[in-house]
Amino acid sequence: MSEHRRQILQMLAEGKISADEAERLISAMEQPAASSAPDVSAPSAVRPRPKYLRVLVDSEDDGGHDGPTKVNVRVPMQLLRAGVRLAGLIPAPALSRANSAMQEQGIPIDLSQIKPENLEELVEHLNDLTVDVDQKDANTKVKVRVFCE
Amino acid sequence: MIPFVAVVSLRNQESRTFRLWIPLFLIWLVLLPLVILLSPFIFLACLICRVNPFRGVGVMWQILTALTDTELELEHRSAGMSFHIF
């Protein structure tokens, strides 16, 4: 996701623009992008690899009990890579027990399939990852952003 | 590069901030002879757990070096806390 698109969605999430305005802005933004699409494949257009995974949580408590809470976490991608390599050192019996425990919890992930080569692929695609969660309850508003930078 | 300094910052309800600089390089200097002394036991433990000890040491080193630039910040009305590794 491009920075412009992210900004538009951010403005929409903050209520600065309406959904129609956001749609118009995105379509206007895509118009020149479509015409210059071949340039994207050029080596100069290759974006740099993300160095950090950032998680931002912004919680506003309208009830006034706890007050707003902000969380800002920045994790180097190298740490994620090293973590996966560490998972590769887990002995097979322990790995199978961990897999079965995760299956029982409804998480269908086979940890033995996570390898450093796969992680490199994942990290490549993380460049485009942006997760925006906007939750509004009666008393609280929570915004969560997960992205790479 | 391995992290050299960690900074822990704490803020209380009266907005008083307490900042603590932790010289990690001194901790590494203290730990290094200890790790060398314990290396036979670490090697043995790796063999018992059927883990390649050289690979294990390599991964631990990677984790150590990757800790640089890790950042954690928590802000609340009554208190705040931040943790940076440089």
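**View 1. Salt bridges link chain B and chain A in this predicted model.** The count between the two chains is 2 salt bridges. One of them is worth a close look: the side chains of Glu71(B) and Arg74(A) meet here, with 3.5 Å from N to O. For the salt-bridge rule, the nitrogen has to lie within 4 Å of the carboxyl oxygen, so the 3.5 Å of this pair qualifies. Polar contacts can be looked for here as well: the rule finds 6 residue pairs across the interface of chain B and chain A, with both residues at pLDDT 80 or more.

**View 2. Helix α2 and strand β3 of chain B face chain A.** Which elements give two or more residues to the side of chain B that touches chain A? They are α2, residues 53-66, and β3, residues 71-76, both of chain B. The largest share comes from α2(B), with 7 residues. Sorted by class, this side of chain B holds 9 nonpolar, 5 polar and 6 charged residues.

**View 3. A strand from each chain pairs across the interface.** Here β3(B) lines up with strand β2 of chain A, residues 69-76, in the antiparallel sense. The pairing of these two strands runs over 6 bridges. Two partners make handy landmarks as you follow the strands. Asn72(A) has Glu73(B) as its bridge partner in β3(B), while Thr69(A) is matched with His76(B) in that strand.

**View 4. Within chain A, β2(A) also pairs with β1(A).** Strand β1 of chain A covers residues 52-61 and runs antiparallel to β2(A). The two are joined by 8 bridges. If you are tracing Arg74(A) from the first view, look for Arg54(A), which stands opposite Arg74(A) in β2(A). Arg74(A) is also the residue whose side chain meets that of Glu71(B) in a salt bridge.

**View 5. The whole contact area between the chains.** How many residues of chain B are in contact with chain A? There are 20, and they touch 22 residues of chain A. Together the chains bury about 1800 Å², with 56% of it on carbon and sulfur atoms. Asp69(B), Glu71(B) and Arg77(B) supply 27% of the area that chain B buries against chain A, more than any other three residues.

**View 6. Confidence in the model.** The model scores ipTM 0.83 and pTM 0.67. For chain B, the average pLDDT is 91, and 100% of the residues score at least 70.

Conventions:
Residues are numbered from 1 along each chain as its sequence is written. Chains are lettered from A and ligands numbered from 1 in the order in which they are written. Side-chain values use heavy atoms; hydrogens and water are left out. pLDDT is the predictor's confidence in each residue, from 0 to 100. Contact means heavy atoms within 4.5 Å. Buried area is the accessible area (1.4 Å probe) that two parts lose on being put together, summed over both. A polar contact is a pair of N or O atoms within 3.5 Å; within protein, one must be able to donate a hydrogen and the other to accept it, and residues adjacent in sequence count only if both atoms are side-chain atoms. Helices (H or I, at least four residues) and strands (E, at least two) are DSSP runs, numbered from the N terminus. Ala, Val, Leu, Ile, Met, Phe, Trp, Tyr, Cys and Pro count as nonpolar, Asp, Glu, Lys and Arg as charged, and the others, Gly among them, as polar. Two strands pair if DSSP finds at least two bridges between them.
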